[in-house]
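Hello,

Here is the structure I promised to pass on. Please open it first; my notes follow below.

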Amino acid sequence: MQKLGLRIFANKMAIIGQDISQAKNFLKAGKLVAIPTETVYGLAGNALNTAAVASIFETKNRPSFDPLIIHTSSIERVDDFVGEFPEPLYKLAKKFWPGPLTLLLPRKSNVPDLVTSGLEKVAVRVPDHPLTNSLLEILDFPLAAPSANPFGYISPTTAKHVQDQLGEKIPYILDGGSCQVGLESTIVGMENDQLFIYRLGGLEVADIEKIVGLVQIKNHSSSNPQAPGLLESHYAPRKPFLLGNLDELVSNHLRGKKRFGVMSLSKTFKDVKVEYQKQLSPSGDLKEAAQNLFGFMRYLDEQNIEVILAEEMPVEGLGNAINDRLKRAAAEK
Ligand code: TXA
Ligand code: MG
């Protein structure tokens, strides 16, 4: 009996492949497909089909107050579902699309309420991944896609991460290898004439400011109605995740009974088993650290340890966005 059960289980996993016409057929039929992007893998469905969008929320176990990002293949196609493109945001799009930038823009009435959780603005981006961009080009609708992880857990940066957690629930995963950026997109919008960053991400604040001047950062939590998805606890491993002075955390834990793992930028610890410690970037490169972050969090979460110890990154460039994810991983659940 058990064997049979296992076999059925195995058959139900998603197909992993690189066939965009197969992906297109599933999407046209209202089904969901996981797609690679330069930031993280997305769980995609037809953004203009309410039933498909509803099944995204259901598959991720995501609360419906947390709106989705619409992905399209070019700046021109944004007109299909966006009413107006304010000049400063258009400049950013021109400069950084395709890329890890999401813009909040006034939506047209063909965008289902469920996509925006009833908000008047819709989040939009043109991702930068050859496979996904070719798929978007052959579709006659845009794709709504949150990160392809169960709500609150670490975002996936490989097809295997998606298979491990959502493989039983979706028919197809488009395999585009490891994500090059590794952090979600930076979210930018406007209120009156002021530009705001609502989520720090793969595009650095300094690069944005070079194009549009100073922006304000409003990167926060459940109390921020503009980005209700940015809950305090997010991107979180299942194991307790402690963030602080790593030398102190490690020496305290060496005296205790709990098995622990360590995630540092570049430090190594001679008294900790090699397989229980991960260096995000041995040379201290924050771009490499961002690429490795979610994969290493998952790796440590799967080891035979009880707690993960970690340290913040230098407060510069991508270090800010990485620290944001580390703090959410460490936040009380
Ligand atoms: O890099 C990314 O952005 C990835 C890839 C797949 O594109 N997607 C992603 O989606 O990170 P998700 O759903 O995990 O995060 C989307 C964030 C949420 O925090 C949500 O609250 C915010 O975008 N958001 C979406 N629509 C919004 C809107 N209309 N107003 C304010 N915030 C919005
Ligand atoms: Mg997410």
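Start with Gln163. Leaving out residues up to four places away in sequence, Gln163 touches Met13, Ala14, Ile16 and Ile173. One of these partners also makes a polar link: a polar atom of the Gln163 side chain lies 3.0 Å from the backbone oxygen of Ala14. Keep in mind that this is a predicted model. Is Gln163 buried or exposed? Gln163 counts as buried, because its relative accessibility is 13% and the cut-off for buried is under 20%.

Gln163 sits in helix H7. That helix covers residues 159–166. Its buried residues are Ala159, His161, Val162, Gln163 and Leu166. What do they pack against? Three strands come early in the chain: S1 (15–17), S2 (33–35) and S3 (42–46). Helix H3 (50–60) and strand S8 (172–174) are on the list as well. So is helix H10 (286–302).

His161 is another residue of H7. His161 is buried, at a relative accessible area of 12%. Its side chain reaches the backbone nitrogen of Thr157, at 3.0 Å. Setting aside neighbours within four places in sequence, His161 is in contact with Pro156, Gly295 and Arg298.

Next, helix H6, residues 130–138. Here the buried residues are Leu131, Thr132, Asn133, Leu135 and Leu136. They pack against helix H2 (20–28), strand S4 (69–71) and strand S7 (143–144). Strands S2 and S8 are packing partners too.

Helix H2 holds Phe26. Phe26 is partly exposed, with a relative accessible area of 22%. Beyond four places in sequence, Phe26 is in contact with Lys31, Val33, Pro171 and Tyr172. Phe26 and Gly45 are 19 residues apart in sequence, and their C-alpha atoms are 9.1 Å apart in space.

Now the domains. The protein chain is divided into domain 1 (15–217) and domain 2 (241–330). Their C-alpha centres lie 28 Å apart. How many residues are in contact across the two? On the domain 1 side there are 20, and on the domain 2 side 14. The area buried between the domains is about 1,400 Å². Carbon and sulfur atoms give 57% of that area. Ile154, Leu183 and Leu200 supply 38% of the area that domain 1 buries against domain 2, more than any other three residues.

The interface has polar links too. Across it there are 7 residue pairs in polar contact, with both residues at pLDDT 80 or more. The domain 1 residues that touch domain 2 divide into 8 nonpolar, 9 polar and 3 charged. Between the domains the count is 1 salt bridge. Glu184 forms a salt bridge with Arg325, with the closest N and O atoms 2.8 Å apart. Glu184 and Arg325 also belong to a network of salt bridges, linked with Asp324 and Arg328.

How many salt bridges are there by this rule? The count comes to 13. Side chains of opposite charge can pair when their charged atoms come close. Here are some of the pairs.

- Arg107 and Asp113: the closest N and O atoms are 2.8 Å apart. Arg107 is buried, with a relative accessible area of 14%.
- Lys267 and Asp247: their side chains meet at 3.3 Å, N to O. Lys267 lies in the loop between strand S13 (260–264) and strand S14 (277–279), and Asp247 in helix H9 (residues 246–255), so the pair ties together parts 20 residues apart in sequence. Lys267 is partly exposed at 34% relative accessible area. Asp247 counts as partly exposed too, at 40%.
- Glu311 and Lys267: these side chains meet at 3.8 Å, N to O. Glu311 lies in the loop between strand S15 (307–310) and helix H11 (319–330), and Lys267 in the loop between S13 and S14, so this pair ties together parts 44 residues apart in sequence. Glu311 is buried, with a relative accessible area of 14%.

Lys267 is thus a good residue to display, with salt bridges to Asp247 and to Glu311.

Best wishes

Terms used. Residues are numbered from 1 along each chain as its sequence is written. Chains are lettered from A and ligands numbered from 1 in the order in which they are written. This is a predicted model: local features need pLDDT of at least 70, side-chain atom pairs count only at pLDDT 80 or more; totals for chains, interfaces and linings use all residues. Side-chain values use heavy atoms; hydrogens and water are left out. Domain bounds come from an automatic or database domain assignment. Contact means heavy atoms within 4.5 Å. Buried area is the accessible area (1.4 Å probe) that two parts lose on being put together, summed over both. A salt bridge is a side-chain nitrogen of Lys or Arg within 4 Å of a carboxyl oxygen of Asp or Glu. A polar contact is a pair of N or O atoms within 3.5 Å; within protein, one must be able to donate a hydrogen and the other to accept it, and residues adjacent in sequence count only if both atoms are side-chain atoms. Ala, Val, Leu, Ile, Met, Phe, Trp, Tyr, Cys and Pro count as nonpolar, Asp, Glu, Lys and Arg as charged, and the others, Gly among them, as polar. Buried means under 20% relative accessible area, exposed over 50%, partly exposed in between (1.4 Å probe, protein chains only). Helices (H or I, at least four residues) and strands (E, at least two) are DSSP runs, numbered from the N terminus.
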